[in-house]
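Me: Could you take a close look at one part of this structure for me? I'd like to see how its side chains pair up and what surrounds them.

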Amino acid sequence: MISDNFISQHNIFFHQISRPHGEPLAENFRFVEQPLGPLGEGAAWVENIHFSVDPYMRECMDGDWELNEPDKF
């Protein structure tokens, strides 16, 4: 079993905070850290190591995604 010392006690969300004009810049985004809640019966924590960025996401950044919210895919 993995010790709790190896598990981050926080989620890190990637929020879009403004709509880019032209190429997206770091200023259009921010990382938001929130504490993890208790793990429920039969639940597991999963760590994402890779994330895909696809061309359709540019259209989503221009209006489909809510600002200052975690993206919901």
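Reply: Happy to; here is a walk through the aromatic pairs, followed by the helix. Keep in mind that this is a predicted model.

Let's begin with the rings. There are two aromatic pairs. Phe14 and Phe29 count as stacked, because their ring centres are 5.1 Å apart and their planes sit at 10 degrees. This pair links distant parts of the chain, with Phe14 in strand E1 and Phe29 in strand E2, 15 residues apart. Phe14 is partly exposed at 40% relative accessibility, whereas Phe29 is buried at 18%. Phe14 also pairs with Phe31, this time in a tilted arrangement, 5.3 Å centre to centre with 50 degrees between the planes. Since Phe14 belongs to strand E1 and Phe31 to strand E2, that pair ties together parts 17 residues apart in sequence. Phe31 itself is exposed, at 63% relative accessibility. Phe14, Phe29 and Phe31 together make one aromatic cluster.

Now to the helix. Strands E1 (10-16) and E2 (29-35) are among what covers the buried residues of H1. Those buried residues are Met57, Cys60 and Met61. Viewed down the axis of H1, they fall within an arc of 100 degrees, so they line one face of the helix.

Helix H1 (residues 56-64) also holds both Arg58 and Asp62, four residues apart, or about one turn. Their side chains meet in a salt bridge, 3.2 Å from N to O, and a search of the whole structure finds one such bridge. Arg58 is partly exposed at 28% relative accessible area, and Asp62 is partly exposed too, at 42%.

Definitions and conventions
Residues numbered from 1 in each chain as written. Predicted model: local features only at pLDDT ≥ 70, side-chain atom pairs only at ≥ 80, totals over all residues. Heavy atoms only, no water. Salt bridge = Lys/Arg side-chain N within 4 Å of Asp/Glu carboxyl O. Helix = DSSP H or I, 4+ residues; strand = E, 2+ residues; numbered from the N terminus. Buried < 20%, exposed > 50% of the residue type's maximum accessible area, 1.4 Å probe, protein only. Arc of directions from axis to C-beta. Contact = heavy atoms within 4.5 Å. Phe/Tyr/Trp six-rings, centres within 6.5 Å; stacked < 30°, edge-to-face > 60°.
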